[in-house]
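Me: I would like to go through a structure by question and answer, starting with the strands and ending with the pocket. Please show it first.

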Amino acid sequence: QVQLVESGGGLVQAGGSLRLACVVSGRTYVTGWFRQAPRKEREFVARITWSGGSTYYADSVKGRFTISRDNAKNTVYLQMNSLKPEDTAVYYCAASSASTTRTYDYDYWGQGTQVTVSS
């Protein structure tokens, strides 16, 4: 059983930064970040493999967001810079046994953390 707990969300002005953290308990191959804005489907943001550190990003966040992990702390981070109002969403971390961007391939999910970017 894998458990994930997110933290670090909040309110920030456009152009600002936030760092989200996801504490992962249990073994997992890939940890991903997703987000869901009101009245929109949940979408992939970034993912990282636990052992190799391989990363992959959605085009919408490439160059602005960075995913990383600290295995000693069992924590995956999402550093978000140059935030835009359209980044406003609930952000979720999730675990998968496959290196994938598809929501339905992720078996375990955190409770989510709200990120609001004001213009």
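The turns below take up a predicted model, one topic at a time.

Me: In what order do the strands of the open sheet of 4 strands stand?
Reply: The pairing in this open sheet is antiparallel. From one strand to the next, the twist averages 20 degrees. The order of the 4 strands is E1-E3-E8-E7.

Me: Which strands stand at the edges, each with a single partner strand?
Reply: The sheet has the order E1-E3-E8-E7. A strand at the edge has a single partner, so one of its sides is left without a neighbour in the sheet. The strands in that position are E1 (3–7) and E7.

Me: Which residue in E8 is the bridge partner of Val23?
Reply: Strand E3 covers residues 18–25 and pairs with E8 in the antiparallel sense over 6 bridges. Strand E8, residues 75–80, also pairs with E7, residues 65–70, again antiparallel and over 6 bridges. On the E7 side, Asp70 stands opposite Thr75. On the E3 side, the bridge partner of Val23 is Thr75.

Me: Which residue takes a positive phi in the hairpin of E7 and E8?
Reply: This hairpin has 4 residues between the strands. The positive phi is near 50 degrees, and the residue that takes it is Asn74.

Me: Is strand E4 largely enclosed or not, and how many of its residues are buried?
Reply: Strand E4 spans residues 30–36. A residue is buried when its relative accessible area is under 20%. Strand E4 is largely enclosed by the rest of the structure, because the buried residues number 6 of the 7.

Me: How many bridges join E4 to E9?
Reply: E4 pairs with strand E5 (residues 43–49) in the antiparallel sense over 6 bridges, with Val30 and Thr49 as one pair of bridge partners. The hairpin of E4 and E5 has 6 residues between the strands, and Arg39 there takes a positive phi near 65 degrees. Toward E9, the bridge partner of Phe34 is Tyr92. E4 and E9 run antiparallel, and the number of bridges joining them is 7.

Me: How many residues apart in sequence are the parts that the pair of Cys22 and Cys93 ties together?
Reply: The structure holds 1 disulfide, formed by Cys22 and Cys93 with their sulfur atoms 2.1 Å apart. The link is right-handed, with 65 degrees about the S-S bond. Cys22 lies in strand E3 and Cys93 in strand E9 (residues 89–96), so the parts tied together are separated in sequence by 71 residues.

Me: Is Cys22 buried or exposed, and is Cys93 buried or exposed?
Reply: The cut-off for buried is under 20% relative accessible area. Cys22 has 0% relative accessibility and therefore counts as buried. Cys93 is at 0% relative accessibility, so Cys93 too counts as buried.

Me: What separates the C-alpha atoms of Leu18 and Thr100?
Reply: Leu18 is found in strand E3 and, at 16% relative accessibility, counts as buried. Along the chain, Leu18 and Thr100 are 82 residues apart. The separation of their C-alpha atoms is 25 Å.

Me: What volume does the largest pocket have?
Reply: The lining of the largest pocket is Val24, Ser25, Gly26, Arg27, Thr28, Tyr29, Trp50, Ser51 and Asn74. By class, the lining residues are 3 nonpolar, 5 polar and 1 charged. The volume of the largest pocket is about 170 Å³.

Conventions: Residues are numbered from 1 along each chain as its sequence is written. This is a predicted model: local features need pLDDT of at least 70, side-chain atom pairs count only at pLDDT 80 or more; totals for chains, interfaces and linings use all residues. Side-chain values use heavy atoms; hydrogens and water are left out. Two strands pair if DSSP finds at least two bridges between them. Helices (H or I, at least four residues) and strands (E, at least two) are DSSP runs, numbered from the N terminus. Axes are lines fitted to C-alpha atoms, for helices over the stretch in contact, and angles run from 0 to 180 degrees between N-to-C directions. A disulfide is a pair of cysteine sulfur atoms within 2.5 Å. Buried means under 20% relative accessible area, exposed over 50%, partly exposed in between (1.4 Å probe, protein chains only). On a 1 Å grid over the protein atoms alone, a cavity is a set of points where a 1.4 Å probe fits but cannot get out, and a pocket is an open set with protein on both sides within 12 Å along at least five of seven lines; lining residues have an atom within 4 Å of a point. Grid points are joined across faces, edges and corners, and a volume is the space filled by probe spheres set on the points. Ala, Val, Leu, Ile, Met, Phe, Trp, Tyr, Cys and Pro count as nonpolar, Asp, Glu, Lys and Arg as charged, and the others, Gly among them, as polar.
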